[in-house]
Structure formats: C-alpha cells, structure tokens
Number of protein chains: 4
Amino acid sequence: MTAATTADVLERTRAFVRRVCLPAEARFGGHDVDPALRAELQEAARAAGVFAPHVGREHGGLGLGIADWPGVFEAAGYSLLGPAALNCAAPDEGNMHLLELTGTPAQQARYLAPLARGELRSCFAMTEPHPGAGSDPDALATTARRVDGGWRIDGAKRFISGADGAAFAICMARAPEGATMFLVDAGTPGFEVGRTMPATDTIVAGGHSEVVLHDCVVPEEAVLGEVGEGFRYAQVRLGPARLTHCMRWLGLARRAHDVALDRTAERELFGARLDQLGLAQGLIADSVIDLAASSALIQTAADALAAGRRAAQETSIAKVFVSEAVFRVVDRSIQLLGGDGVVHDLPVARFLTEVRPFRIYDGPSETHRWAISRRASRLRGAEREA
Amino acid sequence: MTAATTADVLERTRAFVRRVCLPAEARFGGHDVDPALRAELQEAARAAGVFAPHVGREHGGLGLGIADWPGVFEAAGYSLLGPAALNCAAPDEGNMHLLELTGTPAQQARYLAPLARGELRSCFAMTEPHPGAGSDPDALATTARRVDGGWRIDGAKRFISGADGAAFAICMARAPEGATMFLVDAGTPGFEVGRTMPATDTIVAGGHSEVVLHDCVVPEEAVLGEVGEGFRYAQVRLGPARLTHCMRWLGLARRAHDVALDRTAERELFGARLDQLGLAQGLIADSVIDLAASSALIQTAADALAAGRRAAQETSIAKVFVSEAVFRVVDRSIQLLGGDGVVHDLPVARFLTEVRPFRIYDGPSETHRWAISRRASRLRGAEREA
Amino acid sequence: MTAATTADVLERTRAFVRRVCLPAEARFGGHDVDPALRAELQEAARAAGVFAPHVGREHGGLGLGIADWPGVFEAAGYSLLGPAALNCAAPDEGNMHLLELTGTPAQQARYLAPLARGELRSCFAMTEPHPGAGSDPDALATTARRVDGGWRIDGAKRFISGADGAAFAICMARAPEGATMFLVDAGTPGFEVGRTMPATDTIVAGGHSEVVLHDCVVPEEAVLGEVGEGFRYAQVRLGPARLTHCMRWLGLARRAHDVALDRTAERELFGARLDQLGLAQGLIADSVIDLAASSALIQTAADALAAGRRAAQETSIAKVFVSEAVFRVVDRSIQLLGGDGVVHDLPVARFLTEVRPFRIYDGPSETHRWAISRRASRLRGAEREA
Amino acid sequence: MTAATTADVLERTRAFVRRVCLPAEARFGGHDVDPALRAELQEAARAAGVFAPHVGREHGGLGLGIADWPGVFEAAGYSLLGPAALNCAAPDEGNMHLLELTGTPAQQARYLAPLARGELRSCFAMTEPHPGAGSDPDALATTARRVDGGWRIDGAKRFISGADGAAFAICMARAPEGATMFLVDAGTPGFEVGRTMPATDTIVAGGHSEVVLHDCVVPEEAVLGEVGEGFRYAQVRLGPARLTHCMRWLGLARRAHDVALDRTAERELFGARLDQLGLAQGLIADSVIDLAASSALIQTAADALAAGRRAAQETSIAKVFVSEAVFRVVDRSIQLLGGDGVVHDLPVARFLTEVRPFRIYDGPSETHRWAISRRASRLRGAEREA
C-alpha cells in the first residue's frame, strides 16, 4: 500500500463520515443500528470507495495493512455509525481478521466472503459467566467433546456482542486437546441466543447477548484452524482487535473534543470567551495531550503488529492508556460543555456511557496492568542476566 | 438537639432506608418518582420517625440543626428513593430552608407548612439559557417590573428541577433595586413549564424543566423577603443546599462502594478472592479515602454554617472535592464489578450518569476553583498586611 | 482544656513561629539543628508560653489533649525549626506519649521528665535492615534473651531517627514472650550508633542512623511496660505519632503554599498578575482543597483517638492522604514559583526532599492502602452478617 | 542514515553507557562534571564510535538525523554522565544545532567546529530576571545598540546553563530591528558571569549562572544570522532542544525504573516477592505506560521535525507529557524502593531533584498548556470554516 493511497483513503473516509454518517445519527435510536439504515450506509460507503478498508483486495476490501488502519479507523469512529458503515465494526472486523489468517479456503468462502461484503453479521463467543472465562481465559468452562460426525459443545456465554442477528458464531470451547474455536451457524440446534444484556453501551449491532450452547452438535469442518489452538488464535485475534477498538473509540473521543471546542469558541463567561479562560484551557490542553499520546501509542503498536511481532506488551499498553484517555477526554468535553454536556440534546452526554465499558471489556485495566508489570519484570530479568 | 437524639435519628434512618427504600427501588422506573410511591414512602418515613429531619419542630420536622444533617442525609442518599421518602430532597429541602429564614409568617403558612409536610413540591427558578444566569449569576436576564398591584416578570429559565408538578416556584428576577426572589404559584398566567430536559440524571422528582415567564404578574406579597436582596438570599440558600447535595450524593457513592465490596468478597480471580488482589485493594482503599475525606470536609463546612458563618470557602471546597470524589468512587465501584458494573442488572451502572452532573450543577468545579483561588489570595493578602 | 485556652495556645504558637522560628531558619544549615540554637529556641518557646504543648501539666507541659494538637502542631510545623523549638518534634514527641502511657513512675522520672523539659533527646529503634522489620513489623529480627540480671539484646536497626545524640533509645526486640520494648541508655556497652544515613530529609535532630546492638545487656527494669506487649505498644505509639507527623508536615505544606501565594500576588505574566491567570488559579485551588481535606481528616482521626478509640483506620487514612497531599502542595508551590521554585534562594526548593520520605516512613502508602482495604472489606463483611 | 547504522549506533551507545558511564558516576561529585573526567569520557566515547551522534559528518559527528536521535539520546541519558560523554548535553547540543543552521562559514569554523569536537563549552543567554524574558519571551529587556564597530549589549540574564566555563555565549538582545542573537566570547569586557544559582539540578556542566552584560561591545560579525531574527531562531533552537531534553530525561527515568525493578525482583514482603504484589505491580505498570507514551510522543515530534515542519504543537505536547511523566516515573521508582529510595546510597534519591526543574525550564507546563489549547482552538476554528 503506498502512502499516497492510504492518505487518499483517509481523506475520503473523513469526508464520508462528515457528509453521510454524522447527519444519519439523528436516525439512530440506539441499542442497534437498524438493518435498513446499515445497508444504506454501507452502500454509500461502497460508492465513496471507503468500504472494508482493512479487508484484503481478494476479499473485496481496500487492502490496507494494519499500520495504515489507525487514522482510517479513527476517522470512522468519529461517528457512532461510521464503523458499521465501513464494515469495520466489532466484532465482525476481528472475525474477518481471524478468518483471513486461520480459515480454510472453504471456511473463507462460506464465512469470510459474505461477512466482508457486509451481507451478514457474526459474533465471537468466548466470555462466560463467572467463574468461567472472563478476565482469566484459563477458566474456560464450555466443553467440546467428539461425537459421531463432529463435536458436541456445551456451555454458557455472556457479553456476546452481536449475537442477536448474527449468521454465525466463532465459539471457544475446551476440547480434550485444549481450547478450540468452532464455527457455529445460527440456527444450529442447541445454540440459543438469550436475552440482550442491558449494558450502558449501545452501538454494537445486536447488543451484547447471553448465549447458551446445550448439546449443540457441529460437524468436523466447523473447527476453525487446528484443534487445541484456541488460546493462540484468541491472541492472534485479540491483539489487533484490542487495537482497532482503541482506534474507533479514539475517534469518538476526538468528536467529543471537537464538539466541546466548538462550544467554547462561542460561549462568553465572566466577560471572556470560554476558550480564553485558563481553567478551560487546562482541560482542552489535557485532552489534546491525551489524544496525541493515544494516537502515538496506537501507531507504535500497529507498527509492531505490522512487523509481524505479537506485540502483546504494546497492545496492552495501548489498551490501558487509550481506554482511560478516551474516558477522560469525553469527561472533560462534558465539563467544558457545562449544563449542555449532561443533556441528551447534544450527542456527547451519551458518549460517557458508550466509552465507559471499554475500560473493562477486552480485559479490565487492572488485568492489563498486572500483565504489563509481569512482562516488564521478566524482560528486565532477562536484561540483568545478559 | 442532644447527641443521643441525633444518633437515634441516624440509626433509625439507616434502618429505614435499608428496610423500606432499597426494596422499593425495583418499583422506580426512573426520571420521576411516582407520586403514589412517593406518598407511600413518606408515610412510612413518618411512621418510622425519620420524616423531615432538617425541618424545625414548629413546622413538623425533627428539628436537627445543620451540624447534625451530614450523617442523616448521607444515610438517606444511600437509596435513590431515600431523600424523597424523608422529604429532604432537592430542591424542596433548600426551599424549606430559605422560607424558614426569609419568609413572612403568612408566606411560611402558605408555602413552607405544606411543603414541610410533603403535601406539595416546589422549584427554584434561577438558572437561565446562555447568555443569562448560569455559572455567572450576575448575568441574570429575567426582569421584574412594578405594575399595578404587584410585579410583572419576564424571562426564560432552564434546568429548573422539579418544575413539572411543582405547586410553586421561587423565581429570581432583576428588579430595578436589584435581584429579587418571587413566590410564583403554578397556574399563574404567564408562568409556563416547558419541556423536560433530557438530562442524564433522573432522580429529581419532575426532572429538570425549561420554564418561560411571559407577562407573568404576581402580587406585592409574592416578594420573598426584601426587594433587591435576591443575590444575598441565593447565597443563604446555596451554601447549605450545595452541602446537602454533597451529603446525599455521598450516600449514593457509599452505596456503590458497598455493592462493589460485596461482590469482591465473593468473586475468585486468578486463584484468589478479588478483595485480596492488590490492584483491587488499591481501588478499594482509594475509595475509602475519598469517602472519608468527603465526610470530613462536609462536617467541617456544616459546623461552620452551624456556627453562623457564611462559610463560602468551606462549602465551595466541599462541593468541588465531594462532587469529584463521588464520581471517582462510583467509577471505581464499576471497575471493581467488572462486566457486571456496566450492565443495568445492578443499580450501580446507572449511578455514573446520576452523579456526573453534580460536577456541573450548582457551579462547575472550574467556577468553584476560580472562586476558591481568589478567596485564598485575598485572605493571604490580608495576612500579609496584618 | 477549655476551647479558649486552646485558641490562646494556637495564637501564641503562630506568633512565636513567625517572630522567632522563621528568622532563625537562616541559621539552620540542615541535617541537624545545632544544639545551641535548639536550646535558645526552646528557651524562647518557654518564655512565650508555647513549650511542650502536648505534655501533661504534671510533666511541665501545657497539657493539651490530642484533639487540640492539630492546629498547634501544624503552626509549629510551619517552620522547619518550630517542632524542635516547642519540643514536639519526632521522635521525642512520640516517645513522651509512650512513656506517659506505659512507663513506671521510676521510668517516667528518669526518662520522661528530662525529655519533656528538653534537656535531652531520645530515639525509637524499631526499623531493621531487610529482611527485618520494615513495612512488615512481624519480620522483627532483633532478639532479647534473658541473662543474669536482665536481658541481652542483639540485632541491627536502621532509619533510627535522632539516634546520634540521643540519651536513650526505646528499642524493640523479640523476647521469647513476644515483641518487647526496652529502654537502652546511650553508652550501654554493645549499643552502637553507626553512620548517619544520607537521607533526603534533614530536619530531624541527629538525622537517621544505623544502630547495632551486639551483646547489649540491660537490666530488668529497662523493660518498658510488659514483656511481650511490644507490638501493642507500638500501635499505641504509632497511631498518634503518625498523626502528629501529618500535623507538622501539613504546616510545612501551608508554608510552601503561602510563599507561592505571596509570589503570585506580585508577579506579572502575559499582562496579568499571576494569581489572576486561570492555570495558576487551578493550582492554587487544588492546594487549598488538599490543605482543607488534610486538616479535616487529621481532626477526625484526632477526635477518634481523643475518644479513646484505637482509630487504626482513621489514622491510616489520614497518613496516606496527608502525606500525598503535602507532597502535591509543595510540588504545586514550586510550580507556581517557576524558576525560583527550584533554586535554594527560597526555602521551598528544599521542602520537596524534606516531605518526600513521609510517603514511605511510618508505612509506605501502599502498605497503608492494603491495610485500609482489608479493614474495609472486614467491616463490610460484618455489616452483611448483621 | 540507514536503519542498520542507526541501530548500530544505538547498540553501541547502550553498551558504552553501561560499560563506561555508569561506573564513572561514583566519581561524579555533582554540580559539575570535572573537566578531566569529562575529557576522559569523551575520549572513550570517540574510541567507542558514539561521540557526537547528532552532529553532521562534515563537523566530525556521526551524522544522525533528528528522527534517529530519540533512542540514542535516551540511551545517553540513562547515565547522569552519558550526555556529556557523547557531547550531546544541553546547552551545547542545541547551540551546535543552531550554529549548523544559521552560522556563517566563519562562525561555524570558529565556534561550531571546536564545540562539536568537545574542545570547549558554550551557553545560551536568553532568560532574564523578572520582569524580563522568562515564560514570556516578548518581555526581553536586554538591549543591543549599534555603536562604532559593532554593537553594545546591556542587560541581565539568569539561569544561563553552562555559562561558568563556557568559551562563548549565544546571547539574545533586543536590537532596534527586533530580537537578535549575538556570539559573545567569554572574556569580552562587560560580559560578566556572576554567581552559580543554587538550583536543585546539578548535572549541567557549569551549573546555571547569573550573567550581566554591561557596556559589552561586540563586533558586527558577532551577529548570528540576521539582525531581528532572534525570536525565529529561538524557535528553531527551542523545538529540537526541548525534544532532546525529553529524550535525555526519559533515559534517566528508565534508569530509575530499572533500579526499582531490580530491587522488586529480590525483595520479599508479607511472604511474596515485591514484584508480585498487586500494589507494586500497579506502580510498575503505570511507569511502563508512562515510558512508552513518552517514547511514542517524542518519536512523533522528531519525525515531524525531520519532515521539515516547525512542529510547535508536537514538541509542546511532548515537553509537557514527558517532563511530567519522567517526574512520575522517578517518584514511583522511589516509592518502590521504600526507605532505600530516599537515601543517597542509591542514585535514584537524587534523580527527583534533578528532573523536577524540567517541568519549569524551557517553558513551565502551564505555559505550554496555554499554548497547546490556543493552537487547538485555532486549528479547530480553521476546520469549521473549511
């Protein structure tokens, strides 16, 4: 991908989001993007040449490498509707990435191709109710046993984003050989999507569902990649997925910041324009710094992934910093907006509850800090020995 | 008030809130307490001997002085329904205080008495749309002109808590002699309660409304206290009102903290109980410290008010610290709850948006910091000269 | 003690510190108060009626109870020389308190009386080199064995404040019955005061020393209180001692803040007085809030101790908050002073390294947070069961 | 510069600093690097092929471009002696950069060449006593008037790093045409280096001096670049100079962090290794994140400068974030070291006062925040209009 092309895609994406997505937000009731609106936006994105920027050209995407995603994904995330329009929203985006890397040609043809075209949605079923897999993936309690003609899966899942309406799930279960991923079609007997959890965030299509697998039998070819490689694949998926979350949410933080800047440029208080009052300037500067540091950390981690490294430390660091910085930026923007900041006449009041869960989803900050510290101690130990 | 009596009231209030209010929360749909539920809870509070703790005995209350309010109000605020049940919720509580201090006997009989008994609700109409009175009260734009038989009031208000359903408003307007407060009955021609603003907080009965006064004529006896004393009275009301907000919200923060502590005592993660993991303990300890410092600052300011001082610096300091500490405590509690913290199955997910506006209402933190700094510089200047 | 008397002592102390101690600071080279200067200041303090405010009248002090100490100790701490002048500096002040509570009449006559009169200094020898007693007192490694005519003590200590020049040490050692405190006279064979540790703080008379006890034999009457009660006594000493540290350091923080306020009142920057620039006002306000919260938490803990409670949670909370707030206040004062803040022409540049260790001494913040969290979980557990 | 070469230089620098500079620190008394030690270290650096990495090959340096400086300068800053050894310490490094960009061939031959070879030191005389040039450069009060044969300069300077012992100064003065830079040789009559200011930081060779220019006459060829271009040149110097400060101090922060990690790997507390206790892990992780974000922001700004942009916003952001992060990292390292962290037996205790001034020098954080906020508001205004 040449730099010129990437700059092109970025410019087109920014224009598209401002021209198409922001105005469409008024039609977005929350808790789910209406399928018709989604289809309309995706059609417009195709026409604007910004659809599926992260998908390989052979699967109909723009073919950008991960080092070129940050700006584009952030531009998409500037609108609550942008990622869905570009078909780069979670969890589909991470699933596409995983299928590209680990799917057989047949699996890619059957699952990846229509997913990349936006014809269907998918979900990723890993998280379980306590005391199953949550912050600690080792606690995986869903089981997969070999049965005649394939595998029988049993277990309970929750926080399964997009399950309601998904055409298929990538489902994590514990086989005798170890954690394994299975492609489970919606409608498979024993695969039941339960209630939508009343979470504070609302922009994932389908929301977050509870899912039960009970005597759910899938054929042998439903195994994604290799049996027993589930945790390794989860890492393959989670590193980039964690980072694309950062990119998209950073876009929303920038949006909140811009809304606040616009207001401070027109408000007068105590005889001065609000953006000329020192205490407001302090909030603005702190947000500028948070946005810049987030951006720099994301790019650093994306470059490491692009170089073929696992980059667990870099993506963990980015995840913690960006999820917390995004929350601070939204919070400061609300503060700069004053009373208007906590009233739903402006979009920003809503952003606080949209971004809050990101400090918990994909590993709470505390779990990442624990892992970051351990890696740092280990690395330093190796240096001491060298 | 003897210490024994206060300890009694406190104990009874805690028991009442746990026994009556917490279970009733399931019947609270949000954005308004159903009048029937409110009446039922108030009846129960009367029976439990905890109704109107802050109101003088001559007006049917328990007669606690402000130095004895902190514990009791905090205990009430532990439930979203507690302040309404005890009839010590905003804005009525502040209005009662103001009417006790400045109302004529006739005004007290007509407005204070039924308000203290919980028979009606009231509102306080000061805040205006930009560029009117907001963070800067001097910008007051609503006017009051003498007309035959009284005053004509014209202007627009917003964020008028409880206006929808209030029997009367205490309305701030600019008379030729200066800012003045007027008692305006609901139903007075020209006093129009507009739309309820879609704010993120929902527990004030009636919500926050826009109000228009247009050619609204009130009689001479509608003037509360003296003409031209409006700003002084506003200070009389705002100091304690600011502090009682702190007390109530601190109760909600303690509730969030308790819910989190309960969960950390039963969850296992990485082989340890959650409340034994250092990073969780750090969050818990920081919240304990925030709660203790909030409590200590509230008591300090309440003691200063009880001693008859204006205590503007003390109440400003308490307002900034407590509003920010309460937000941090709720935020940490969510973090300790993990995924459950951002799902509305638990009450805490909702608390974040309930408490967020308090950092803006009654003067944003930045306005208070500006005032705190100026007072500190002035005070130190006086010390230098002495 | 009547309130009037306490107010009197407070007023006299403030005047004394400003009149006598601040000017004397120019004669204070650091790392130790010259004994002659110390004697001169103590004589002046006696003449001013402010000497030994915390000591019982029967031992020649002013007899203030601990609830009345906060203001007075803070006023003393406003100068680096104030606590020494009033004879309420660490570690002597804590040792006096301990001797008053646990010493026999003979021990009080021999050790407490001259200590209270300022005729000699003392030290408290508990902390040991790793892996001995430090953050974890249970690791106490110094031993005490019964020998003919008394006890033999062996072990190593460090961070023993005031050991160099002390007339006696209260020394903690592990007897067969448990941790025990011994009164060890300087000069006792086998009690060796080693090098002064090059710590960043310098205002403790004698500095912090390494001490070795090697075959150090003391008579039976050297046991302070009861054998085996050392840890309990340590708590008796540490609660108040921790709190008086807070009081004194809070005084120094207020001093830094005042120096900064004075400078911001005379400096012009970008066409405005520095104390009128919003970003400076933010720093000032944050320090005012930190000082107020520190003061409120100290008073809360002092009241709890005065009521006869152990108040471990209250003193831990105060220790963490105040030690961190004091550091922040000094740091912000430096920032407000700009270049002058980091040059030793002003006293404030030095304060940063004076106050930094307090976040570590007497239990690092992390140890206290751990203890605070555990107590909170335990307390909440008891509430759940009730 | 190929990537391979840069990686080479980086590797050699790391090895050199560990092999040569760290051991030499024991010979560094502080407040000045002994000239003989300095010469010895520079000789060793030349032998190791790491001398003057930032200087063009035509002037005897390694010729790295600014995009390649961050890692190398950080590696140098890992030791207090590294920058001096590599001849990339402030203020010489910034002066070399300025002379390369603006000096005439004759000026380069006379000043730059020996400076690049480490044969002499220099200083940059801009900052003045209040109310002259400090945070606000426009307040420049030193004057330059044309006299027979050149210019006469009059004024007072302070915080002139390295003036004591410098062979020449680049001196900023206000000519009729505007601010102008002059090359003033040490020994020029009327150029007087006054007392060394007792600043808390000590590693700049020569310390920070007061300088007086009184009837100081310099020839016409002493003008650096163009008359009246002083402020523009100051920006040319300050952007990179600000950033190289960040790089070097980041190295020292990493050093503190490594010292703390080493200790936490060997200490046991409460039955666990210190680096396995959650509260310690939180401190470690926060420092890892601070270091990573600092590094990413520095690289972002360096890349912008390398691309030929002025990058005022990027360097301001980096300056604020890094100076504050470095302080936090050093502070956390001290905390992790416990009592050992505040004793000068380890080097870290000293680092706190070494790094503290960087939040003030080169523009206090508040001045940069003010500028960052204004630029952000301006940029957003331009976007709104587009």
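**Exercise 1. How many bridges join strand 2 of chain A to strand 3 of chain A, and do the strands run parallel or antiparallel?**

Solution. The model is predicted.
- Step 1. Locate the strands: strand 2 of chain A covers residues 143–147, and strand 3 covers residues 150–161.
- Step 2. Read the pairing. The two strands run antiparallel and are joined by 5 bridges.
- Step 3. Check one pair. Arg145(A) faces Arg152(A) of strand 3 across the pairing.
- Step 4. Look at the turn. The hairpin has 2 residues between its strands, and there Gly149(A) takes a positive phi near 85°.

**Exercise 2. Follow strand 3 of chain A to its pairing with strand 7 of chain A.**

Solution.
- Step 1. Strand 7 of chain A spans residues 208–219.
- Step 2. Strands 3 and 7 of chain A run antiparallel, with 9 bridges between them.
- Step 3. Pick a pair. Trp151(A) has Val218(A) of strand 7 as its bridge partner.
- Step 4. Bring in Phe182(A). Both Trp151(A) and Val218(A) are among its contacts beyond four places in sequence.

**Exercise 3. Which residues have the most contacts inside the largest nonpolar core?**

Solution.
- Step 1. Take the core as a whole: the largest one has 542 residues.
- Step 2. Rank by contacts inside the core. Phe182(A), Phe182(B), Phe182(C) and Phe182(D) have the most.
- Step 3. List partners for the copy in chain A, leaving out neighbours within four places in sequence. They include Ala144(A), Ile153(A), Cys171(A), Ala173(A) and Leu224(A).
- Step 4. Set this against a general tendency. In soluble globular proteins, nonpolar side chains tend to be buried together.

**Exercise 4. State the domains of chain A and the spacing of two of them.**

Solution.
- Step 1. The assignment gives domain 1 (3–89), domain 2 (122–228) and domain 3 (231–385).
- Step 2. Domains 1 and 2 of chain A have C-alpha centres 28 Å apart.

**Exercise 5. What rotation superposes chain D on chain C?**

Solution.
- Step 1. The operation is a rotation of 180° with 0.0 Å of shift along its axis, at an RMSD of 0.0 Å.
- Step 2. That is how a two-fold axis relates copies.
- Step 3. Find the axis in the chain. Thr353(D) comes closest to it among the residues of chain D, with its C-alpha at 3.8 Å.
- Step 4. Count contacts. 35 residues of chain D touch 35 residues of chain C.
- Step 5. Assign elements. On the chain D side, two or more residues each come from strand 8 (268–269), helix 8 (278–306), helix 10 (348–355) and helix 11 (365–385).
- Step 6. Sort by class: 17 nonpolar, 10 polar and 8 charged residues make up that side.
- Step 7. Compare sides. 100% of the interface residues of chain D are also interface residues in chain C, so the copies meet through the same surface.

**Exercise 6. Repeat the analysis for chains A and B.**

Solution.
- Step 1. A 180° rotation with 0.0 Å of axial shift superposes chain A on chain B (RMSD 0.0 Å).
- Step 2. In chain A, Thr353(A) comes closest to the axis, at 3.9 Å (C-alpha).
- Step 3. Both copies use the same surface: 100% of the contact residues of chain A recur in chain B.
- Step 4. The contact involves 36 residues of chain A and 36 residues of chain B.
- Step 5. Among the elements giving two or more residues on the chain A side is helix 9 (312–337).
- Step 6. By class, this side has 18 nonpolar, 10 polar and 8 charged residues.

**Exercise 7. Is Leu346(C) buried, partly exposed or exposed?**

Solution.
- Step 1. Place the residue: Leu346(C) sits in the loop between helix 9 (312–337) and helix 10 (348–355) of chain C.
- Step 2. Count neighbours. Leu346(C) has 18 C-beta neighbours inside 10 Å, so it counts as partly exposed.
- Step 3. Beyond four places in sequence, its contacts are Val259(C), Leu337(C) and Asp340(C).

Notes:
Residues are numbered from 1 along each chain as its sequence is written. Chains are lettered from A and ligands numbered from 1 in the order in which they are written. This is a predicted model: local features need pLDDT of at least 70, side-chain atom pairs count only at pLDDT 80 or more; totals for chains, interfaces and linings use all residues. Copies are superposed by least squares on the C-alpha atoms of residues with pLDDT of at least 70 in both. Two residues are in contact if their C-beta atoms, placed from the backbone, lie within 7 Å. Helices (H or I, at least four residues) and strands (E, at least two) are DSSP runs, numbered from the N terminus. Ala, Val, Leu, Ile, Met, Phe, Trp, Tyr, Cys and Pro count as nonpolar, Asp, Glu, Lys and Arg as charged, and the others, Gly among them, as polar. Domain bounds come from an automatic or database domain assignment. A nonpolar core is a set of buried Ala, Val, Leu, Ile, Met, Phe, Trp, Tyr and Cys residues joined through C-beta atoms within 7 Å. A residue is buried if 20 or more other C-beta atoms lie within 10 Å of its own, exposed if 12 or fewer, and partly exposed in between; C-beta atoms are placed from the backbone. Two strands pair if DSSP finds at least two bridges between them.
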